[in-house]
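Please open the structure in a viewer and keep the selection tool at hand. This tour proceeds stop by stop, stating what to select and what is found there.

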Amino acid sequence: MVFYVLALGGTLFTMLGAGITILGASSTGVDRGTTVTIITTSESPLASAAPSESAAPLLLSPSAIASPSPDRITSMEDTVTALINKKREGTCNSPLRTDERLRKAARAHSADMAKKDYFSHVSQDGSSFVDRIARTGYPRGSAASENIAVGYTSAKAVVDGWMNSEGHRKNIMNCASKAVGVGLAYRGNTPYWTQDFGRS
């Protein structure tokens, strides 16, 4: 299985088993007929949308397993936060707190990437993570950084992937960050992760 991870300003890595191949920025395609699971708030029901007609061949084969429920997705997002706080212990004085505005921005970006079949810190409307965070009411000047990933099927796997990448690790271990929001969305059975950090 191929996994992609990208840190803001970083490089795209293809991780095959224990080996890492540096590729450069790219986007993934999906088979026609897959669905996009979009989570907008922790209590919202799932919504599905058909992929675009221009979908490219699949790099990550979907399985027959359905996407997790909204409660399960929220649990997976919260597990990512718990795992990164565990990694920060002994380095940072206090754990990151979940900020629902950051979570909303992260979820919206994951859902947008999944729905529109792309993988980038820059949304297709040209907005940056700072723009997306500010749209939720979080102070623009307090936006710190963003990590994204696609293909990791568990909270532990995505955190391990991020921690094994210098740029992602730097974002996670930045003690100036005080808050985080994790967003998870699915295109078929392919998970898209976004992690937004804030300094207030």
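**Salt bridges across the whole structure**

The model is a predicted one. Begin with the charged side chains: a search of the entire structure yields 12 salt bridges.

Select Asp 99 and Arg 101. These two residues form a salt bridge, in which the closest N and O atoms are 2.9 Å apart. Are the partners buried or exposed? Asp 99 has a relative accessibility of 5% and therefore counts as buried, whereas Arg 101, at 32%, counts as partly exposed.

Next, select Glu 100 and Arg 103. Their side chains meet in a salt bridge, with an N to O distance of 3.1 Å. Both residues belong to helix α2, which covers residues 100-116, and because they are 3 residues apart in this helix, about one helical turn separates them. Arg 103 counts as buried, with 6% relative accessibility.

Now extend the selection to Glu 77, Asp 78 and Arg 107. Together with Glu 100 and Arg 103, these residues are linked in a network of salt bridges.

Move on to Asp 125 and Arg 135, whose side chains also meet in a salt bridge, at 3.4 Å from N to O. Asp 125 lies in the loop between α2 and α3 (129-135), while Arg 135 is in helix α3, so the pair ties together parts that are 10 residues apart in sequence. Asp 125 is exposed, with a relative accessible area of 55%; Arg 135 likewise counts as exposed, at 55% relative accessibility.

**Helix α1**

Select residues 70-88, which make up helix α1. This helix has 19 residues, and its span of 27 Å from the first C-alpha to the last is close to the 27 Å expected at 1.5 Å a residue.

Colour the buried residues of α1, among them Ile 73, Met 76, Glu 77, Val 80 and Ile 84. Against which elements do the buried residues of α1 pack? They pack against β6 (97-98), α2, α4 (155-163), α5 (166-173), β8 (179-187) and β9 (190-198).

Then select Gly 90, just after α1, where phi is positive at about 85 degrees.

**Strand β9 and its partners**

Select β9, one of the elements that α1 packs against. How many residues of β9 are buried? The count is 9 of its 9 residues. In a regular strand, side chains alternate between the two faces of the sheet. In β9 both faces are covered: one side carries Thr 190, Tyr 192, Thr 194, Asp 196 and Gly 198, and the other carries Pro 191, Trp 193, Gln 195 and Phe 197.

Add strand β7 (residues 143-150), which runs antiparallel to β9 and is joined to it by 7 bridges. To inspect one such position, select Val 150, whose bridge partner in β9 is Tyr 192.

Add β8 as well. β8 and β9 pair in the antiparallel sense over 9 bridges, and Tyr 186 stands opposite Pro 191 in β9. The two strands form a hairpin with 2 residues between them, and in this turn Gly 188 has a positive phi of about 65 degrees.

**The whole chain**

Finally, clear the selection and view the entire chain. The protein chain contains 5 helices and 9 strands. Read from the N terminus, its elements run β-β-β-β-β-α-β-α-α-β-α-α-β-β. Of its 200 residues, 50% are buried.

Display the surface last: the accessible surface of the protein chain comes to about 9000 Å², and 54% of it belongs to carbon and sulfur atoms.

Terms used
Residues are numbered from 1 along each chain as its sequence is written. This is a predicted model: local features need pLDDT of at least 70, side-chain atom pairs count only at pLDDT 80 or more; totals for chains, interfaces and linings use all residues. Side-chain values use heavy atoms; hydrogens and water are left out. A salt bridge is a side-chain nitrogen of Lys or Arg within 4 Å of a carboxyl oxygen of Asp or Glu. Buried means under 20% relative accessible area, exposed over 50%, partly exposed in between (1.4 Å probe, protein chains only). Helices (H or I, at least four residues) and strands (E, at least two) are DSSP runs, numbered from the N terminus. The expected span of a helix is 1.5 Å times one less than its number of residues. Contact means heavy atoms within 4.5 Å. Two strands pair if DSSP finds at least two bridges between them. Accessible areas come from the Shrake-Rupley method with a 1.4 Å probe; for residues, only the protein chains shown count as cover.
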